[in-house]
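Grab your viewer and a pencil: here are some exercises to work through. Try each task before you read the solution under it.

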Amino acid sequence: MTSEATEPAGALTLHNALVDDEARTLADDVREGLTAEFKELPPKHLYDTRGAELFEQICELPEYYPTRTERAILERVAGELIAQTGAAELVELGSGSATKTRLLLDAMRSAGTLESFVAVDVTESFVRDSAAELLREYPGLRVHGLIADFERHLDQLPPPRGPRLLAFLGGTIGNFAPAARRRFLRSVCGLLGPDDHLLLGTDLVKDRATLEAAYDDSAGVTAEFNRNILHVLNRELGADFDPAAFEHVARFDTEHEWIEMRLRSREAQQVKLAALELTVAFEAGEDIRTEISAKFTRERVAAELTAAGLVLAAWHTDANGWFALSLARRAG
Ligand code: AVJ
């Protein structure tokens, strides 16, 4: 279960940083989140196997532009990013099923720098499957899979095997609350050596209609994804949520410049969570916030990087200015 520095090329190592520590996190998060005056559940609990599948479906929806926009930018600039960084190791945080990974690995292979890939994700099946697949597709590649929560377990990354590119794509940084975002960027800064870079994907501020449609698609996939968190609570905590009794809501908050996903109780109701010995009362129209998804501007990205001890080294966006890839390194 641990990585060995002596591992031969073409080898796969796996490490699970979660183990049973995760069940406690869910219970604590849910107790805290559902007994607060303003009810909230952390978005990471949306991603059980079913949630991860639904998110993959979201990425294919016509309304959900971030995935394909980011991919198109990456297709265009991957070679340039690798030339600029000289990266030999790609570390992908929240690698998911690792589709965008290949664009970067291909560019590294073409540049002749490719040594190793580290996949970090909370979804164990994604880490295992993508690691095994990449090992087959890139003969000689060293692959390390880390099943972990990248807000807590970045210290469990293996030692670098050369100039490192730490990729955090998809706009997932937008799901962190501002304080968690600052903490995360600071810990990334602490991880980067002088030859390392961060590649950060951020969704950008745009008109409300485009944003809200992306989080409330006409096929109802995002609504199902949102309600999936109630299925997770039913299964993991013996809760008796009726997911149909909650309406999916997605609104752009112009003050904070983020999308909020909420589950709105259609009626006054009580829900029991057996494992927590807890009963939660909802008023009609009362919300549980399940996600924020922050939208950025170049100025905000640059300022937040600077505040974390990083500096913006390159900014790449699409023709519409809908999504951005930022390359950053340690300041000084
Ligand atoms: C996980 C950040 C890529 O916030 O856009 C998609 C999650 N939520 N639809 C996002 C999500 C609703 C997504 N990311």
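## Exercise 1: Overall build

Of the 332 residues in the chain, 54% are buried. Keep in mind that this is a predicted model.

**Task.** Work out how many helices and strands the chain has, and how its radius of gyration sits against the globule rule.

**Solution.**
- Start with the secondary structure: there are nine helices and 14 strands.
- Next, take the radius of gyration, which is 20 Å. The globule rule gives 20 Å for 332 residues, so the chain is as compact as a globular protein of that length.
- For the outline, the C-alpha trace spans about 60 × 45 × 35 Å along its principal axes.
- Now the contacts: of those with a separation of 6 or more, 72% are between residues 24 or more positions apart.
- Finish with the surface. The chain exposes about 14,200 Å², and 49% of that comes from carbon and sulfur atoms.

## Exercise 2: Aromatic pairs

**Task.** Classify the ring pair Y64 and Y215, and say which parts of the chain the pair ties together.

**Solution.**
- A search of the whole structure turns up 15 aromatic pairs.
- For Y64 and Y215, the ring centres are 5.9 Å apart and the planes meet at 75 degrees. Planes over 60 degrees apart count as edge-to-face, so that's what this pair is.
- Then place the two residues. Y64 is in the loop between α2 (49-59) and α3 (65-85), while Y215 is in the loop between α7 (208-214) and α8 (221-237). The pair therefore ties together parts that are 151 residues apart in sequence.
- Check the burial too: Y64 and Y215 are both buried.
- Zoom out a little, and you'll find Y64 and Y215 in one aromatic cluster with Y47, F55 and F225.

**Task.** Do the same for F246 and F282, then find the charge that sits over the ring of F282.

**Solution.**
- The centres of F246 and F282 are 5.2 Å apart, with 80 degrees between the planes, and the pair is edge-to-face.
- F246 belongs to strand β8 (residues 246-253) and F282 to strand β11 (residues 278-282), so this pair ties together parts that are 36 residues apart in sequence.
- F246 and F282 are both buried.
- As for the charge, the charged end of K39 sits over the ring of F282, 5.0 Å from the ring centre.

## Exercise 3: One face of a helix

**Task.** List the buried residues of α2, decide how they are arranged around the helix axis, and name what they pack against.

**Solution.**
- The buried residues of α2 are G51, A52, L54, I58 and C59.
- Look down the axis of α2: these buried residues fall within an arc of 160 degrees, so they line one face of the helix.
- As for partners, the buried residues of α2 pack against α3, α5 (124-137) and α8.

## Exercise 4: Two unusual backbones

**Task.** Compare the settings of E257 and E277: which loop holds each residue, and is each one exposed or partly exposed?

**Solution.**
- First, a reminder: most residues other than glycine have a negative phi.
- E257 has a positive phi of about 55 degrees without being a glycine. E277 isn't a glycine either, and its phi is positive at about 50 degrees.
- E257 is in the loop between β8 and β9 (258-265), and E277 is in the loop between β10 (269-273) and β11.
- The relative accessible area of E257 is 25%, so E257 is partly exposed. E277 comes in at 77% relative accessibility and therefore counts as exposed.

## Exercise 5: Sequence versus space

**Task.** Find how far apart K206 and T306 are in space, then repeat for A319 and T69.

**Solution.**
- K206 and T306 are 100 residues apart in sequence, and their C-alpha atoms are 24 Å apart.
- K206 lies in the loop between β7 (197-203) and α7, and its 10% relative accessibility makes K206 buried.
- Setting aside its neighbours within four places in sequence, K206 touches Y65, L211 and W322.
- A319 and T69 are 250 residues apart along the chain, with their C-alpha atoms separated by 9.6 Å.
- A319 is in the loop between β13 (310-317) and β14 (323-330), and at 87% relative accessibility A319 counts as exposed.

Notes. Residues are numbered from 1 along each chain as its sequence is written. This is a predicted model: local features need pLDDT of at least 70, side-chain atom pairs count only at pLDDT 80 or more; totals for chains, interfaces and linings use all residues. Side-chain values use heavy atoms; hydrogens and water are left out. Rings of Phe, Tyr and Trp (its six-membered ring) pair if their centres lie within 6.5 Å; planes under 30 degrees apart count as stacked, over 60 as edge-to-face and the rest as tilted. Helices (H or I, at least four residues) and strands (E, at least two) are DSSP runs, numbered from the N terminus. Buried means under 20% relative accessible area, exposed over 50%, partly exposed in between (1.4 Å probe, protein chains only). A charge sits over a ring if NZ of Lys or CZ of Arg is within 6 Å of the ring centre and within 35 degrees of the ring normal. The radius of gyration is taken over C-alpha atoms; the globule rule is 2.2 Å times the number of residues to the power 0.38. Contact means heavy atoms within 4.5 Å. Accessible areas come from the Shrake-Rupley method with a 1.4 Å probe; for residues, only the protein chains shown count as cover. The arc is that of the directions from the helix axis to the C-beta atoms.
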